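Please open the structure in your viewer and keep the selection tool at hand. The tour below moves from one selection to the next and says what is found at each stop.

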Amino acid sequence: MIDVAIIGCGVIGAAAAFELSKYQASVVILEKENDIAMGATRANSAIIHAGYDPKPGTLMARLNVQGNAMTEQLCRDLDVPFSRIGSFVLAFSAQEAKTVQTLYERGVQNGVPGLQVLSGDEVRQMDPLVSPEVVCALYAPSAGIITPWEYALALAETAVRNGAELRRSTRVTGISKIEGGYRIETNREPVEARYVINAAGVYSDQIHDMVAPHAFTVIPSKGEYYVMDKSECYRARHVLFQCPNEAGKGVLITPTMDHNLLVGPNAENVDEPQHPSNTARGMAFVREKAARTMPSLTYRAAIRNFAGIRANTDIGDFQISIAAEHFIDLAGIKSPGLSSAPAIALEAVKLLKECGFAPEKKEHPVTTRRKKRFRFMSEEERKAAVSENPLYGRVICRCETVTEGEIVDAIHSPIPPCSVDGVKRRAGSGMGRCQGGFCGPRVVDILSRELGISPLCVLQDGEGSFILMEETKKEAQA
Amino acid sequence: MYDLIVIGGGPAGLAAANSAWQKGLRRILIVERDKELGGILNQCIHNGFGLHRFKEELTGPEYAARFIEMLNSTGVEVMLDTMVLEINDQRQVHVISAEKGYQVLEARSIVLSMGCRERTRGAIGIPGDRPAGVFTAGSAQRYLNLEGYMVGKRVVILGSGDIGLIMARRMTLEGATVLACVELMPYSGGLMRNIVQCLQDWGIPLYLSHTITDIQSQNGRVSHVTVQKLDENRNPIPGTNLEFDCDTVLLSVGLIPENELTRAAGIEMDPRTNGAVVYENMETSVPGIFACGNVVHVHDLVDYVSAESERAGAAAAEFVLKGKREGTALTVQNGADVGYTVPQKIRVSDVEKAADLFFRVRKVFRDSVIEVRSGDELLLSFKRDHMAPGEMEHILLPRKILDQARGDTLTVSAKEA
């Protein structure tokens, strides 16, 4: 029997695994997809929120502010791209100016550092393309941007290096109480664990219901986005929010850590959370709302649309509690979940200890990680990288300047990718303006070579997403 | 120090290097990121290349081979499997390769011949799922012709650019069923001969003024697309749905010149072409840096790429051997129904006999006329039986006519006769 089983390896499961892997305890992470961070973590606004949005006194308020404060050092230790660029909540009317004031007061109460209400002109001085209609804004200097899938990967990889075991393509089908813990049935081998953490995102209500009376319902909410070419990154220097409404934080415009511009999301409740799709209606909504923030914005340089799913619930807060004996819910983690992740992980350890979990800390757990990113290297660093490993001299993704060395390193990393998009999330290939048109076939080739599999077996992304159908000259070769 | 560094060893770079050699340059280097010369021609195994140039129908690799053979008789150096990371207005070229590591090379002149890339799904925002099975036509062509893999069995093609049309025939020949070619505009973006030979001859329907409005998937792969007719404002018309069960969508929705190096070097760009602004000799706004081929504007035929690139190579040689051109320039402007012109600027005093001018029209014309004006004065006109946006137009502007231009602009327009 293992000590702790974590169900779900989004950023929350990964953060919990990272924290627990510092202890002398056996940890298994069960992930139903073929890679980690395939749900809400892969497709969101990529913001580390300051923490003025949640109502004071909620878990969300406390964990957001605490998580925000932890993120910077964590990202430095784990070499995750993060930058505290600050955010604005823009007010376009006297009515919205009141909302900004309310958010300011709420933020102060929540302990958010450095908040200021700035005039429209002050905002436009700091972010010149913001609409002339803006009358004032809440400025939150502690808000930041992050690469969310890399964040989850860094946490999970470090957990794995500390001995945690990740089982991918392993879907939980049932949980039963056994002597001293739980038996977790999956589509593969069952797992027996003394403690269980439910970090199943949009499915966290279903996992909860396997061991405890129904307590909350996830209401999946879809958000659609545009990603723009690097040529557009200059348009926003800060995260530009509009005033929040019932549906959420509204449509934002922000630079990303890869120097793209991100525009979105809308919010629409959906029945089927598995593969959120883009709709003409949703994309039109995003364009219409974003034009309010930045009238000069155009979509000429759009390079991708995507849609993500939020694990909204029918309760007003995160569901973080002991759901049953030895069973912890880290459930219904909606926004600001990404921002709160490291604090939620600490919360999980605290709750486990309340349940009797009492292992010693490891003497020297791994808590750091380093990654080579050719595109961010100086000339001298590039020279050194290629002389150390010639594969760093072969550029595979020309848009993002990703080398074969980085791709091969990713394929042999602690959580190896099994798809072209898995390589993309790790090495950055295919993220750019040609969206893998050029490097896609080359990455298929490298994956096939390094994993020793036929190119026909290489996936684009999730299970079943085969790229190639058959060889053209079967007879000739036979 | 090189006399000339050519960036890109596709048809444009090959022609430019050959031409510069013929004009007397000796220290010439081609930097090519792929493992062989020839560029996109290597995957274009269909015929139809070289009708103008060689008066015969060659395949893409054969066409490239003619130029590579010419190059073999010169002393032009070639660096393969080598990426240019940066150029600057001091004509320094930063390159990297697995074999030779990081190098900074210097040149007296540079020819930019990086070609173009395909527009993607993200650029046009097709709604729906995001499964495997959506390819740009060129990527699918690479898998099929160079790697030997079929990307799908039941195919819908969006866009009627030439690569899409060629791939409709190619996929059919390999046993796939091409269900439809769907074009947003009321006319095709490709050559008429490709419409006939690649769609009509194979019974593949072309739906003009239609687009894909939804992509659905099963198990991570395309399973279905919805196509709708568009009104004059390009909005889908309800009730016009055509439904296709398919496993693959190929996109042939335009090409974008690949100019990241150009922009980073501070060279003036033309938003109409997404390429550099060039003079009559293909020189950019930075003296000694020239550009040619699809990196300047997207061509319809490779024959024209070769011709344009030979002019660029010759001009680079002239720059190195004789120094820079100093003449004042006329700016060529779009008139009615002209989308862009190349060159954008003409230094009349440097034009020997005539200046080549290329452009594309914005709509389909039957009996029509091209007019070149200086102010209100008509300098030249050319009759055309047929013009279409999918086909590049070429006119010659004789020096003696250019000398008559008053002011500093020329306007090129198209109209019904």
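Two strands are taken to pair if DSSP finds at least two bridges between them. With that in mind, and remembering throughout that this is a predicted model, begin with the sheet in chain B, where five strands in the order β10-β18-β12-β13-β14 form an open sheet with parallel pairing. Because β10 (134-136) and β14 (206-207) of chain B each have a single partner strand, they stand at the edges, and one side of each is left without a neighbour in the sheet.

Now select residues 154-158 and 248-251 of chain B, which are the strands β12 and β18, and you will have a parallel pair joined over four bridges. One position to pick out here is V155(B), whose bridge partner in β18(B) is T248(B). Add α4(B) to the selection, since this helix packs on the sheet and touches β10 and β18 of chain B, with a direction that makes about 90° with that of β10(B).

Next, colour chain B by its domain assignment, which gives domain 1 (1-118 + 255-325), domain 2 (120-253) and domain 3 (327-417). The C-alpha centres of domain 1 and domain 2 of chain B lie 31 Å apart, and the contact between these two takes six residues from domain 1 and nine residues from domain 2. On the domain 1 side of that contact, the residues divide into one nonpolar, three polar and two charged.

From there, bring both chains into view and turn to the contact between them, to which chain B gives 40 residues and chain A gives 45 residues. Several elements of chain B give two or more residues to the side that touches chain A, among them β8 (101-112), α4 (137-147) and β15 (210-218). Which element supplies the largest share of this side of chain B? The largest share, six residues, comes from α4(B), the helix that also packs on the sheet visited above. By class, this side of chain B has 14 nonpolar, 15 polar and 11 charged residues.

Stay with the two chains and select residues 470-471 of chain A, the strand β23, which two bridges join to β11(B) in an antiparallel arrangement. Within this pair, E471(A) stands opposite Y149(B) of β11(B).

Move on to chain A alone, which is divided into domain 1 (1-80 + 145-216 + 314-371), domain 2 (81-144 + 218-309) and domain 3 (375-477). Between the centres of domain 1 and domain 2 of chain A, taken over C-alpha atoms, there are 27 Å, and 32 residues of domain 1 are in contact with 38 residues of domain 2. The elements giving two or more residues to the domain 1 side are β3 (47-48), α2 (59-78), β8 (144-146) and α6 (204-209) of chain A, and α2(A) gives the largest share, six residues. That side divides into 16 nonpolar, 11 polar and five charged residues.

For the last stop, select residues 11-20 and 337-354 of chain A, the helices α1 and α8, which pack at an angle of about 40° with their axes 8 Å apart. That angle makes α1(A) oblique to α8(A), and α1(A) passes α8(A) in a right-handed crossing. The residues making the contact include V11(A), A15(A) and F18(A) of α1(A), together with L338(A), A341(A) and A345(A) of α8(A). By class, this contact has 14 nonpolar, one polar and one charged residues.

Methods
Residues are numbered from 1 along each chain as its sequence is written. Chains are lettered from A and ligands numbered from 1 in the order in which they are written. This is a predicted model: local features need pLDDT of at least 70, side-chain atom pairs count only at pLDDT 80 or more; totals for chains, interfaces and linings use all residues. Two residues are in contact if their C-beta atoms, placed from the backbone, lie within 7 Å. Ala, Val, Leu, Ile, Met, Phe, Trp, Tyr, Cys and Pro count as nonpolar, Asp, Glu, Lys and Arg as charged, and the others, Gly among them, as polar. Axes are lines fitted to C-alpha atoms, for helices over the stretch in contact, and angles run from 0 to 180 degrees between N-to-C directions. Angles under 35 degrees count as roughly parallel, over 145 as roughly antiparallel, 65 to 115 as roughly perpendicular and the rest as oblique. A crossing is left-handed if the near helix is turned anticlockwise from the far one by less than a right angle, and right-handed if clockwise. Domain bounds come from an automatic or database domain assignment.
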